[in-house]
Amino acid sequence: MSILVNSKTRILVQGITGTTGRLFAERMRAGGTPIVGGVTPGKGGAQVAGLPVFDTMREAVAATDGDAVLCCIAPDHIVDGLYEVVDARIPLAVLYIENIPVHDAIKMCAYASARGTRILGPNSAGAVSPGQANMADLNDANLRPGRIGIVSKSGTLTYEVIDEIHQYGYGESTVVCLGGDRVIGTTYVDVLRLFEDDPDTDLVVVIGEPGGGLEYPAAEYAATMRTPVIAYITGQGSPQDARMGHAGAVVGEDERSRPQSKMRAFASAGITVASRVTDIGEVVYRRLGGAGRL
Amino acid sequence: MKLLEYEGKALLAKHEISIPAGALWPECPASGTGWVVKAQVLAGGRGKKGGVLLASDRKQVDEMAARLKGATIGTEAVHAVYIEQRLDIAHEYYLAGFVNRDRGCVTLMASATGGIDIEQVPRSEIESVDIDPLIGLAAFQIQRLRRALKVGPQLENQVTAVVSGLYRSLVDEDAELVEINPLALTRTGQLLAADAKIALDDDAVSRHPSRSSPTAWATDSNFMRRCRSLDVIGVDNRGRTPPPAHPTVAILGNGAGLTMATYDQIALSGVSVAGAIELHGALARGVAHTAEVIRTFFMLDADIFFINAFYQLRSTEALAQALVQAMASPGAPERERVVVRMRGVEQRSSERIVKAAGCFYSPSLREATERVLALAQSLVPKAESAS
């Protein structure tokens, strides 16, 4: 099993005729991900990667039973685009786009959550359950089906963590990227709850970063889980007040936003904390005592 | 981006929040009550560091302003000097609104105790109200904040105006933080924003085309300005106190998470980082653009340049080609001082390109980090390495 996406998910791409949307659609198709079509207003009837393109989300859902959307449209159009996704009652939307104004993110997250659509992002690299469905910018060639769950704000950092755990013989059940923006639709705790109920996840790696405080309830919840959790917090050396790429990852003046404080929160909840990204493989291996390897 | 006090106040005035009469020195507002001479810096606590002075005549204003103009408050050079009419204050309140990241909404905060650092005010004396973005600011919420300020009904209209203005300035101006501390009540019964701390959303700049760029940016390094114009994220530590110690490493990464993790690999090993660039989608704009980014990267003047890129959607090859172009430009470092780790799409051909350019290449972050640290070790001044 896995969480959020699997072989039965029916994926749509919003903005499928754009450069990014097309790239994703072609790659999903080639990799065997269950993609069923896409939407671009005014391009209904066209085809991309052999898949039907629709004018509206409602039409796409009516024709394909799509139940997850990868949103690849420009920041100027994303608010309306997301409202349309929610209106079509699609339960999962990945907002891949970055540089969305934070007040737009606030509105989108509030509307989606009120109407029952789960948002990953904004600025999320997506979610992937290797061997089943890849709704992320992670490449199938760098993934391996397995029993480790990963939840991270960052996409590129998961690449590194995946490389790390592969070196120790593990693979991934699902990798979930929450997005690097200041306000995001899905939290660490939301994802940890799903992993806790997934019989095919043996351990979860939580990857945190500077800024905000979503890691604190995650540490608290992780302490109550049956599934073991390990944590790594990046940005420990980042200078104060410097934006390092993610709009959200800024070490502020407040103690709570600092990686060191978050590491302490996990450690005092009894969660093992890896101090560097290149230590994660070994920490996982030690925690599981070598079990669950492929 | 953070605004200086005078820029923040102009923004508040636009939303019908009263501010004291003021002008940027050498101009000076008319006043019958004396003046306050205020150093314009971004850091808080300037009053305690001698950045706010009281003047009783114009001559004093000019003397104090001239002195502050060339001064440094803490570690920050004064950007400008703002002169304000001195207020006759009866009470100081606290009022602020910010993007509450953990709760995913705007939160407004008010306290009857203002004029001091809000962290020093007991939590029980601060009212905090979350605003539902789908509904907006409700009348009862304004009343809750008014009660927390403990003001009488005679101020009701003014409080309503200032709270509504605060909320509008947050949402309409795409601000992340608007803090009025203190919100001053004068003896004549007027509520005024006596200070303003505002941070605007970098991602909403294009929605406000008429806005001029913040004054504080004028003192940014050429490196930071180049980064901004190339749409990449730059970090320049060279102006920080204390400055990075030699040997220094500059870092170029793709993706915030990976760039931060790379930064940690170096900084936590005790080696100084001169600065960093996060490519932030630069690759999508082609090889020439990316080469320009790498040339900018070389402006960091570090002893070692560490490039760590992991691409799973786009090809690493374009980055390798951009590196070759940048290495052939004037100002490029010796190739022995460039360490490259590239992983992902078309990694093998990138490896060939990077190696042909004479730079160190490894697909492994661990190995590349070790190389950077060994290089740094070899560059440590002799006297130090002996101790």
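How many residues of chain B are in contact with chain A? Here are some notes to go with that question.

1. **The answer, and what kind of model this is.** In this predicted model, 42 residues of chain B are in contact with 48 residues of chain A. The predictor gives the complex an ipTM of 0.92 and a pTM of 0.93. For chain B, the average pLDDT is 94, and 98% of the residues score at least 70. As a rule of reading, where pLDDT is low, the predicted coordinates should not be read in detail.

2. **Chain B's side of the contact.** If you want to find this side in the viewer, look for strand E13 (233-236), helix H6 (256-267) and helix H10 (365-379) of chain B, since each of them supplies at least two residues to the side that touches chain A. H6(B) gives the most, with 10 residues. Sorted by class, the residues on that side of chain B come out as 19 nonpolar, 10 polar and 13 charged.

3. **A helix pair across the two chains.** H6(B) also packs with helix H5 (residues 156-167) of chain A. The axes of these two helices are 5 Å apart and the angle is about 60°. What word describes how H5(A) and H6(B) lie to each other? They are oblique, because an angle of about 60° is neither under 35 nor over 145 degrees and also falls outside the 65 to 115 range. On the chain A side, Thr156(A), Leu157(A) and Glu160(A) make the contact, while H6(B) brings Gly257(B), Leu258(B) and Ala261(B). That contact splits into three nonpolar, two polar and one charged.

4. **The sheet under H6(B).** Stay with H6(B) and look at what lies beneath. H6(B) lies across E14, E15 and strand E16 (304-311) of chain B, running at about 160° to E14(B). These strands belong to an open sheet of six strands in chain B, ordered E13-E15-E14-E16-E17-E18, with mixed pairing. Its edge strands are E13 and strand E18 (360-362) of chain B, each pairing on one side only. So E13(B) turns up twice, as an edge strand here and as one of the elements on the side that touches chain A, by the DSSP numbering of strands. From one strand to the next, the twist averages 15°.

5. **One pairing in detail.** Strand E14 (residues 248-253) and strand E15 (residues 272-278) of chain B pair in the parallel sense, over six bridges. To pick out one bridge, start at Gly253(B): its partner in E15(B) is Glu278(B). In general, strands of a sheet pair through backbone hydrogen bonds, either parallel or antiparallel.

6. **Chain A in two parts.** Chain A is divided into domain 1 (11-120) and domain 2 (144-288). Their centres, taken over C-alpha atoms, are 27 Å apart. Where the two meet, 11 residues of domain 1 of chain A are in contact with nine residues of domain 2 of chain A. On the domain 1 side, helix H4 (102-115) and strand E7 (118-120) of chain A are the elements that give two or more residues, and H4(A) gives the most, with six residues. By class, that side has nine nonpolar, one polar and one charged residues.

7. **The chain A sheet.** Seven strands of chain A form an open sheet in the order E3-E4-E2-E1-E5-E6-E7, again with mixed pairing. Strand E3 (47-48) and E7 of chain A are the edges, each pairing on one side only. Four bridges join E1(A) to strand E5 (residues 68-71) of chain A, and the two run parallel. Val13(A) has Leu70(A) as its bridge partner in E5(A).

8. **Helices on that sheet.** Helix H1 (residues 19-31) of chain A packs on the sheet, touching E1, strand E2 (35-39), E3, strand E4 (51-54) and E5 of chain A, and its direction makes about 165° with that of E2(A). Helix H2 (residues 57-64) of chain A lies across E1, E2 and E4 of chain A, at about 160° to E2(A).

9. **Backbone spots to check.** Most residues other than glycine have a negative phi, and most peptide bonds are trans. Leu4(A) has a positive phi of about 65° although it is not a glycine, and its place is in the segment before strand E1 (11-14) of chain A. In chain B, the peptide bond from Asn181(B) to Pro182(B) is cis, with omega near 10°, and Pro182(B) is found in strand E10 (residues 175-186). The bond from Thr241(B) to Pro242(B) is cis too, with omega near -10°; Pro242(B) lies in the loop between E13 and E14 of chain B.

Key:
Residues are numbered from 1 along each chain as its sequence is written. Chains are lettered from A and ligands numbered from 1 in the order in which they are written. This is a predicted model: local features need pLDDT of at least 70, side-chain atom pairs count only at pLDDT 80 or more; totals for chains, interfaces and linings use all residues. Two residues are in contact if their C-beta atoms, placed from the backbone, lie within 7 Å. Ala, Val, Leu, Ile, Met, Phe, Trp, Tyr, Cys and Pro count as nonpolar, Asp, Glu, Lys and Arg as charged, and the others, Gly among them, as polar. Domain bounds come from an automatic or database domain assignment. Axes are lines fitted to C-alpha atoms, for helices over the stretch in contact, and angles run from 0 to 180 degrees between N-to-C directions. Two strands pair if DSSP finds at least two bridges between them. pLDDT is the predictor's confidence in each residue, from 0 to 100.
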